[in-house]
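Colleague: I have the model open. Can we go through one helix and what surrounds it?

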Amino acid sequence: MATLLFVSSVIVACSDDEPNNQDGDTDIEEAVPGTNHKILIAYFSEPLPDGVDAVTSASRVIVDGDLYGSVQYVATVIGEVTGGDIVRIQTAQPYPGNFDDLADQANNERQNDIHPAIATEIDNFDNYDVVFVGYPIWWYQMPMAMYSFFDKFDCNEKTLIPFSTHGGSGWSGTLEDIKGLVPNATMVNGYSISRNNTATSRNGILNWLQEIGMTE
Ligand SMILES: Cc1cc2nc3c(=O)[nH]c(=O)nc-3n(C[C@H](O)[C@H](O)[C@H](O)COP(=O)(O)O)c2cc1C
């Protein structure tokens, strides 16, 4: 069942979703070959203050008293299970803290293909062979900071495992976008979940990691 919500200038396509809804792409591998990987978990997350826009931006997750952005929470669980190194992708200029300004800026970046400078540095990036990449859906695609990430860190020849949270749009074509940006990466089945279900997603994340062979 799909409905359209018009909220704070963002149209969010809502549908019932599954914790592990993999958009079909025949090029995507079922499992990570081999063991003994050097794993990086790179994620972008912009949790907004409470009460800004309760419908569209309520992406903060509280689990066991700790507060996370929804992508950040998924990244944290992946890190716990895989033992990978976690790095947060941050722009050199912080994004506005209120939803309307953030939505306008994100939309402007998207429409003008602006790749904002990112401040994130990653030590010995070349040494990682498996890279989890996490992002929210913004305006039906990856935030433009993710394009900056792929500009700055060459993920070709690596195994890439995407994960994402959203307000109803699912992957929204982002797997194909990543494939286009990093054609020589090996893409593994990713994990996409609605922000509404993220707080209770731990078991779903564990099952997915087991399915793709990434549990220790
Ligand atoms: C600027 C902006 C645009 C968004 N656009 C969409 C969208 O097009 N489709 C969708 O499903 N969710 C959209 N969302 C909702 C986010 O994808 C969702 O809240 C996500 O869980 C945020 O994760 P985070 O808190 O880790 O940043 C948008 C949120 C923001 C702030």
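Modeller: A definition to begin with: the expected span of a helix is 1.5 Å times one less than its number of residues. Keep in mind that this is a predicted model.

Colleague: How far apart are the end C-alpha atoms of helix H1, residues 70-82?

Modeller: H1 has 13 residues. At 1.5 Å a residue, H1 should span 18 Å. The model agrees with that, because the end C-alpha atoms of H1 are apart by 19 Å.

Colleague: Is H1 largely enclosed by the rest of the structure or not, and how many of its residues are buried?

Modeller: Buried means under 20% relative accessible area. Among the buried residues of H1 are Ser70, Gln72, Tyr73, Ala75, Ile78 and Thr82. H1 is largely enclosed by the rest of the structure, because the buried count is 11 of 13.

Colleague: Take valine 74. Is it buried or exposed?

Modeller: Valine 74 sits in helix H1. Leaving out residues up to four places away in sequence, valine 74 touches Phe163, Thr165, Tyr191, Ile193, Thr198 and Ile205. Its relative accessible area is 1%, so valine 74 is buried.

Colleague: How far is valine 74 from tyrosine 135 in space?

Modeller: In sequence, valine 74 and tyrosine 135 are 61 residues apart. C-alpha to C-alpha, the distance in space is 10.0 Å.

Colleague: Which residues of helix H5 meet H1?

Modeller: H5 covers residues 202-211 and packs on H1 at an angle of about 50°, with the axes 10 Å apart. That angle makes H1 oblique to H5. The crossing is right-handed. From H1 come Tyr73, Val74, Val77, Ile78, Glu80, Val81 and Thr82, and they meet Arg202, Ile205, Leu206, Trp208 and Leu209.

Colleague: What phi does glycine 83 take?

Modeller: Glycine 83 comes just after H1. Its phi is positive, at about 75°.

Colleague: Now the strands. Which residue of E5 stands opposite valine 63?

Modeller: Strand E4, residues 60-63, has Val61 and Val63 on its covered face, with Arg60 and Ile62 on the uncovered one. E4 runs antiparallel to E5, residues 66-69, and 4 bridges join them. Opposite valine 63 stands aspartate 66.

Colleague: How many residues lie between E4 and E5?

Modeller: E4 and E5 form a hairpin. In the turn, aspartate 64 has a positive phi of about 50°. The number of residues between the two strands is 2.

Colleague: And the whole chain: what percentage of its residues count as buried?

Modeller: The secondary structure comes to 5 helices and 10 strands. The chain has 216 residues, and the share that counts as buried is 50%.

Definitions and conventions:
Residues numbered from 1 in each chain as written. Predicted model: local features only at pLDDT ≥ 70, side-chain atom pairs only at ≥ 80, totals over all residues. Heavy atoms only, no water. Helix = DSSP H or I, 4+ residues; strand = E, 2+ residues; numbered from the N terminus. Buried < 20%, exposed > 50% of the residue type's maximum accessible area, 1.4 Å probe, protein only. Pairing = 2+ DSSP bridges. Axes fitted to C-alpha atoms, helices over the stretch in contact; angles between N-to-C directions. Parallel < 35°, antiparallel > 145°, perpendicular 65-115°, else oblique. Left-handed = near helix turned anticlockwise from the far one by under 90°. Contact = heavy atoms within 4.5 Å.
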